[in-house]
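Biologist: Hello! Could you walk me through this structure, one question at a time?

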Amino acid sequence: MAPSNNLFPSNFIWEIIEEDIKANKHGGRVATRFPPEPNGYIHIGHAKSICLNFGIAAQFGGACNLRLDDTDPAGESLEYVQSIIDDVRWLGFDWGERLFYASDYFDKLYEFAVQLIMAGKAYVCDLNADEIRQYRGTFTEPGKDSPYRNRSVEENLDLFERMRAGEFADGSCVLRAKIDMASTNVIMRDPIIYRIKREPHYRTGKKWIIYPMYDFAHCLSDALEKITHSICTLEFENNRPLYDWFVDQLIMGDRPQQIEFARLNLSYTVLSKRRLIELVENGHVAGWDDPRMPTVAGMRRRGYTPEAIRNFCAAIGVAKNENLVDIGLLEHCVRSDLSETAPRVMSVLNPLKVIIDNYPQEKVEEFECANHPQKPEMGTRKVPFSRALYIEYDDFMEEPPKKYKRLGPGREVRLRNAYVIKYQSLRKDERTGKILEIHCTYDPQTREGAPPDGRKIEGVIHWVSARHAVPAEVRLYDRLFNVPDPSMAGDDFMETLNPNSLETLSSSFVEASLKDAAPGNRYQFERLGYFCIDAKDSSGKHVFNRIVSLRDTWGKIAAQNKP
RNA sequence: UGGGGCGUCGUCAAGUGGUAAGACACAAGAUUUUGGUUCUUGCAUUCGGAGGUUCGAAUCCUCCCGCCCCAGCCA
């Protein structure tokens with residue numbers, strides 16, 4: 001069930017379904033399914049499909065099944081099944097009791113294959129893989145009939161039974177549909193239905209050594225579940241005639257209708273399972289849930305909200321155009337959700353010590369700070385202020401450029417939620433030139449508002465009180481790749497990896513109110529971005545993941561002024 | 001190359017013969033104790049190209065061009 005209404009705007013698939021309902025096709029029923037293979041974690045591209053399928057079911061009063069398409073034991077595992085279940089649920093969807101596995105249909109699928117043989121529509125072929133490929137022909141030349149194509153029904157039945165019984169070696173023979181070796185659609189040239197594979201299956205164990213192929217299993221699984229609209233990606237368009245053929249041969253009644261849409265491509269990342277696996281296995285990321293990964297698990301750990309991801313899926317639309325969606329749109333969806341919901345808090349990533357010379361040594365004041373400037377209902381919290389503070393290293397410059405509104409020689413600045421301070425002097429490490437601390441004075445009359453003399457204070461900077469600050473580790477993430485479309489580099493896509501996609505800051509400070517905050521909590525660090533407490537908190541020190549930065553118009557201006 | 005698809009703003013994407021929605025991005029301005037948020041404004045005389053039909057075409061017809069998918073015992 002879709003978690004909110006109008007989650008998914010109308011698209012061409014909706015129109016087809018509306019027509020079908022009008023025409024009373026499938027008795028006006030709508031049933032969809034999300035059918036991942038459990039051989040990897042699901043990613044933002046799957047999320048698009050999930051929102052589409054569950055969204056349609058919700059919109060048209062139907063149901064959406066979750067079906068694990070586990071017909072090839074190689075690479076499939078329970079770990080992946082569990083991750084898929086967790087991720088789809090976390091995205092906010094519910095399949096009720098309708099969790100299915102293609103492997104639960106193995107007996108039925110075997111029976112279907114037997115039926116096909118009996119109808120003279122399938123045969124056991126002893127050609128090896130190489131030979132099958134040769135016999136298949138090319139795009140421009142028709143294929144040749146297999147020499148085994150005309151075996152009798154009895155012989156085929158016997159052979160197929162013996163395939164299942166384990167009498168033949170892996171790869172020595174296959175069961176094929178007898179369709180048309182001269183078809184202009186290569187898919188239809190006597191496609192393979194069953195292959196022998198002595199690989200234990202994570203669910204059926206060693207019960208089977210023959211496994212059905214996707215084209216056979218998928219359409220029949222759909223039919224068995226009485227799916228009405230089988231939505232898949234564009235690359236299956238060529239397979240549709242075969243989908244229809246199998247169902248028409250074997251199932252009476254309405255055939256599910258396969259409809260194809262364009263899969264999502266996202267800039268500066270990769271979404272092919274093969275490439276994602278490569279990132280994980282070669283250690284370029286810390287795992288499937290590395291916060292830089294476009295996986296649902298990665299985005300969750302990064303701090304993205306299900307709401308933001310759903311909004312993104314709604315924003316990109318559904319069509320048949322090849323696309324490369326700007327990852328900036330995803331970031332926009334995350335910001336606009338978090339801007340509403342994340343409490344504001346102060347934190348200093350790269351600390352610079354500030355001493356307020358005219359503030360009493362031991363004095364501590366508490367400021368009542370709004371958790372959200374536009375939402376008083378989100379409450380306030382107390383933030384301590386004292387003589388020694390930390391501010392952001394970048395918020396002071398000895399020789400500030402034009403338009404710089406922060407601290408510098410002779411300058412005044414507003415401390416967010418607190419006093420106006422004025423620069424006095426600094427102390428530097430003579431060897432490195434690094435500024436060790438700066439000294440300022442504060443204006444006691446500016447606690448509540450603007451200075452009474454009417455002078456204008458332009459800049460506002462954030463801070464934390466040094467003796468109250470909570471040490472934290474902060475992880476800043478950047479795009480995983482340096483080019484908009486890494487897949488353009490083909491197998492060399494790893495060479496376009498961004499070596500600086502993770503920057504770890506180990507001497508940051510967060511304000512005292514965050515001391516006992518729970519993992520998973522999301523905050524806006526004012527002027528910096530949105531951050532999420534990582535669940536994997538090692539040394540007792542908090543670890544914050546940067547979910548996404550704030551829009552940074554100054555950063556843009558500063559970058560433009562550099563060259 | 002045979003077959004199957006797709007070409008509308010920088011990126012997505014509506015549009016279904018009546019005179020180019022919206023979002024992101026971008027630009028300018030206003031408000032602001034976050035260079036954030038919010039607000040206002042601007043942003044395709046033209047729909048891959050060329051012909052044709054029509055009073056009228058992104059939408060219909062013809063030809064051409066470009067891109068994607070298919071020759072796994074993967075899904």
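Modeller: Gladly! Let us start with a term: a residue is buried when its relative accessible area is under 20%. Keep in mind that this is a predicted model.

Biologist: Which residues of helix H8 are buried?

Modeller: Helix H8 covers residues 240-250. With that cut-off of under 20%, the buried residues of H8 are Leu242, Tyr243, Asp244, Trp245, Phe246, Val247 and Leu250.

Biologist: And what covers the buried residues of H8?

Modeller: Both helices and strands take part in the cover. The helices include H4 (106-118) and H7 (214-224). Among the strands are S5 (174-177), S6 (192-196), S8 (229-233) and S9 (257-261).

Biologist: Let us turn to the RNA. Which elements each supply at least two residues of the surface near RNA strand B?

Modeller: One of them, S6, also helps to cover the buried residues of H8. For the surface near RNA strand B, the elements are helix H5 (129-135), S6, helix H12 (327-341) and helix H13 (553-561).

Biologist: How far is a polar side-chain atom of Arg416 from a sugar or linking oxygen of RNA strand B?

Modeller: Arg416 is among the residues that come nearest to RNA strand B. Lys197 has a polar side-chain atom 3.0 Å from a phosphate oxygen of the strand. For Arg416 and a sugar or linking oxygen, the distance is 2.2 Å.

Biologist: Which residue in the loop between S9 and helix H9 has a positive phi?

Modeller: The residue is not a glycine, and its phi is near 65°. Its loop lies between S9 and helix H9 (273-281), and the residue is Tyr268.

Technical notes:
Residues numbered from 1 in each chain as written. Chains lettered and ligands numbered in written order. Predicted model: local features only at pLDDT ≥ 70, side-chain atom pairs only at ≥ 80, totals over all residues. Heavy atoms only, no water. Buried < 20%, exposed > 50% of the residue type's maximum accessible area, 1.4 Å probe, protein only. Helix = DSSP H or I, 4+ residues; strand = E, 2+ residues; numbered from the N terminus. Contact = heavy atoms within 4.5 Å. Near = heavy atom within 4 Å. Polar contact = N/O pair within 3.5 Å; in protein donor to acceptor, adjacent residues only side chain to side chain.
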